[in-house]
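Me: I would like to learn how to read the packing of a protein model, one feature at a time. Could you take me through it?

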Amino acid sequence: MSVKSQGEAKEKTLIVVFGASGDLAQKMTFPSLFGLFKDGFLPPKTHIVGYARSDLERKKFEEQLTGGLDEKESKDKIEEFKKISTYVQGAYDEDDAFKNLESELQQMADKDLDGESHRIYYLAVPPSQFTSLADKLHKNNYKGITNRLVIEKPFGKDSASAKEMMEAITKDGWKQEEIYRIDHFIGDEMARSIMQLRFANELLIDSLFNKDKVASVLIELKETFGCEGRGGYFDEFGIIRDVLQNHSMQLLTFLTMDKPESLEEDHIRDEKVKVLKAIKPIKNDEAVMGQYIGNGDKEGYLEDETVENKESKTATFGEVVLRIDNDRWQGVPFLLKAGKAIEEDALRIVIQFKQPEKPLYPSEEPNELVIELYEKKVYFKINSKKPSMEGGIVRPEMILDYENKFDGLDAPQPYEFVIREVLKGNQKSFVREDELEEEWRIFTPLLHFCEGKDSPKPVEYKYGSNGPKESLEFDKKLGFVPT
Ligand code: NDP
């Protein structure tokens, strides 16, 4: 399945952000657009339009536009950014609202863009609105030199609903190559660096990436923050759809895919899909689902006023084991773990290596290659001689600390990177349809089990703890030894 890029929007571009009054728009979309603008990465003659149902006066819109920016940003640049941004209020499901939007867009194009524009429609709204927006946009606003539809995750709720949503959007007239499904982990600098770590050091590092050398792999995303204030959204989606089915799977595929034939956009995604196809759906008894309870200081999930269903079984923590049924990875357990309200903020990959049958030094421990994505560090945990008269084994780290090593290197924020990729028309940085299908295939049976009539209650863990104790037992059972 091949989806080719549409070419670069080099100038005259209108970027319309739907859900402009929302959380993502303020925290990520607008700050990233500002970052691109400030660094000269937006095409000349770009205009940004915020669109939502809320009645935002100019002042309120400007607060939303710049509220997520660092205080140290240049005031002059911020003023320039405000000048290229406009707010349009309207519904998400009424043709008249989109006709009005079209007349506003046309006026902007006539005034500043020689009458024509590339169009980017960014849907930063809850998933329930995706299909209707796509429909109305195609009907009323598909009038650019190029037209691109950028869709946030989660795309669907399981295999069937994702397929239905895709069919509805393409039936409306959108072509696959015009649809950019965001998984911002693809834009994360450290996630992107996994390719180079492996394939630009093929004989040294990638040659270790196989079942003969690797005992087990852990991919974990831990967040100290719970679901406070976002219970409405979270209770509908849960931790699998929030993290495991999309973000964790992106890391897994970068880590396990075979070397692509080239760096061409479809060669990379072909390899990612191949590895996904080799993974069987998760078994119900090979998962630990948890929900946080209060700790005396912080409220438990069910006590949060934004969680309406006080008997909700939505998991705020999840761990699953995946096995890749191919020559390279046969038998290696891949543990994917994600949780809210955990003791630390971490996004970490730990590759734990096998040990020799007869170690010369009895105290040696398994070697590990660790990728700390938040801290931007990659290190091997090695056994080394303890510097002393007697010797002995210690376990220091051989480390690449990106921030220290590349002092002053200005790595783009994930959303800056992915929005730039939309402008360039680079489909390789987005989730292809068959990739999405495979992700859902792997998780759908477990989701249905967890949401079925007789589903078990998630196990409890305390807000701010290290997650459920059942998860640590699960790790141990699968041979992952915490070191
Ligand atoms: P919000 O809940 O903040 O919603 C965004 C805007 O959509 C709101 O300001 C509101 O605007 C409108 N809206 C909210 N609820 C409804 C509804 N039920 N029906 C119609 N319109 C509604 O969402 P986020 O900004 O948090 O998320 C937007 C998208 O981005 C989602 O798909 C989410 O999964 C995804 N995402 C969010 C992340 C985040 O950190 N927030 C991270 C990664 C992805 P108005 O009423 O003014 O029209």
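**The core and one helix**

Reply: A nonpolar core is a set of buried Ala, Val, Leu, Ile, Met, Phe, Trp, Tyr and Cys residues joined through C-beta atoms within 7 Å; here the largest such core has 122 residues, of which Val16, Val17, Phe18, Tyr122, Leu123 and Val150 touch the most other members. Helix H8 (residues 231-256) gives the most to this core, with ten residues. This is a predicted model, in which local features need pLDDT of at least 70 and side-chain atom pairs count only at pLDDT 80 or more, while totals for chains, interfaces and linings use all residues. Residues are numbered from 1 along each chain as its sequence is written.

Me: Which residues does Val17 touch, not counting residues up to four places away in sequence?

Reply: Contact requires C-beta atoms, placed from the backbone, within 7 Å; on that basis Val17 touches Ala25, Thr29, Ile48, Gly50, Tyr51, Tyr122 and Ala124.

Me: Which residues of helix H2 are buried, and which exposed residues lie on the face turned away from them?

Reply: A residue is buried if 20 or more other C-beta atoms lie within 10 Å of its own, exposed if 12 or fewer, and partly exposed in between. In H2 (residues 58-66; helices are DSSP runs of H or I, at least four residues, and strands are runs of E, at least two), Phe61, Gln64 and Leu65 are buried. Seen down the axis of H2, these fall within an arc of 100° (taken from the directions from the helix axis to the C-beta atoms), so they line one face of the helix. The face turned away carries the exposed residues Lys59 and Glu63, whereas the cover over the buried residues includes H1, strand E2 (46-52), helix H3 (75-83) and strand E3 (85-89).

Technical notes:
Contact = placed C-beta atoms within 7 Å.
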